[in-house]
Amino acid sequence: MAFDTGMNTPNDSTETRHLGPQEIEAKIPHRAPMLLLDEVVEITENTLHARKTFSADEFFVQGHFPDYPLVPGVIQCECCLQAGAILLSEHTPAVGEFVPVATRMDSVKFKNMVRPGDTVDIHVTLKEQLSNAFFLTGKMLLNGKVTTRLEFACSITQTQPAGSPDSDAKS
């Protein structure tokens, strides 16, 4: 698959769509317990609005913290990254051939706490594409207030079978 080699600032289309759990799994390689989006409320060419309700049973709140459980900031960032991966699936080859890999997070800010039982709205925007590098912004909102804000970049990487010499992926 050849990627656009020039700098591209995408234009947003007006068509919108909703995605449920099965459509989300068809778009990205993430699976439970690390699939962190419940639904995509709206997706356009360059924006995505997703939703997630956190449960007290989520593995990451069990020890963070037992007497006052909070959703870790890294999980909040991962929600934005997964929403970005769904958005990028509209611009890239089929799932299974390539995977989205986070390459950078900048200007990460945590503004409010997220707790089990909270339903958050996740918004991502594709700002720029340069070859197979994609530059996005993300924010998570709880009751209309920002909990997390970040800028991030992803690249699209060809999949390698586990155990192959080239499968030593960056973490």
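**Exercise 1. Determine in which sense β4 and β6 pair, and over how many bridges.**

Solution. In this predicted model, where local features need pLDDT of at least 70, side-chain atom pairs count only at pLDDT 80 or more, and totals for chains, interfaces and linings use all residues, the first step is to settle the terms. Strands (E, at least two residues) and helices (H or I, at least four residues) are DSSP runs numbered from the N terminus, and two strands pair if DSSP finds at least two bridges between them. β4 and β6 then pair in the antiparallel sense over seven bridges, and within this pairing threonine 47 stands opposite threonine 125 in β6. Residues are numbered from 1 along each chain as its sequence is written, and side-chain values use heavy atoms, with hydrogens and water left out.

**Exercise 2. Describe how β3 is joined to β4.**

Solution. Begin with the connection, which is a hairpin that passes from β3 to β4 through three residues. Next take the pairing: the two strands run antiparallel and are joined by four bridges. Finally, pick out a partner, for glutamate 39 has arginine 51 in β4 as its bridge partner.

**Exercise 3. Locate the cis peptide bonds at proline 33 and phenylalanine 65, and place the latter residue on the surface.**

Solution. The bond from alanine 32 to proline 33 is cis, with omega near 5 degrees, and proline 33 lies in the loop between α1 (21-27) and β3 (39-43). The bond from histidine 64 to phenylalanine 65 is also cis, with omega near 5 degrees, and phenylalanine 65 is found in the loop between β4 (47-53) and α2 (73-88). Tyrosine 68 lies in the loop between β4 and α2 as well. Phe65, Tyr68 and Met113 form a nonpolar patch on the surface, with about 320 Å² of accessible area together; such a patch joins nonpolar side chains (Val, Leu, Ile, Met, Phe, Trp, Tyr) within 5 Å, from residues with over 30% relative accessible area and no salt bridge (a side-chain nitrogen of Lys or Arg within 4 Å of a carboxyl oxygen of Asp or Glu), the areas coming from the Shrake-Rupley method with a 1.4 Å probe.

**Exercise 4. Decide whether serine 131 and asparagine 143 are buried, partly exposed or exposed.**

Solution. The classes are buried (under 20% relative accessible area), exposed (over 50%) and partly exposed in between. Serine 131, which has a positive phi of about 60 degrees although it is not a glycine, counts as partly exposed because its relative accessibility is 27%. Asparagine 143, with a positive phi of about 55 degrees, counts as exposed because its relative accessibility is 72%.

Terms used
Buried means under 20% relative accessible area, exposed over 50%, partly exposed in between (1.4 Å probe, protein chains only). Patches are made of residues with over 30% relative accessible area and no salt bridge: like charges are joined within 9 Å, nonpolar side chains (Val, Leu, Ile, Met, Phe, Trp, Tyr) within 5 Å.
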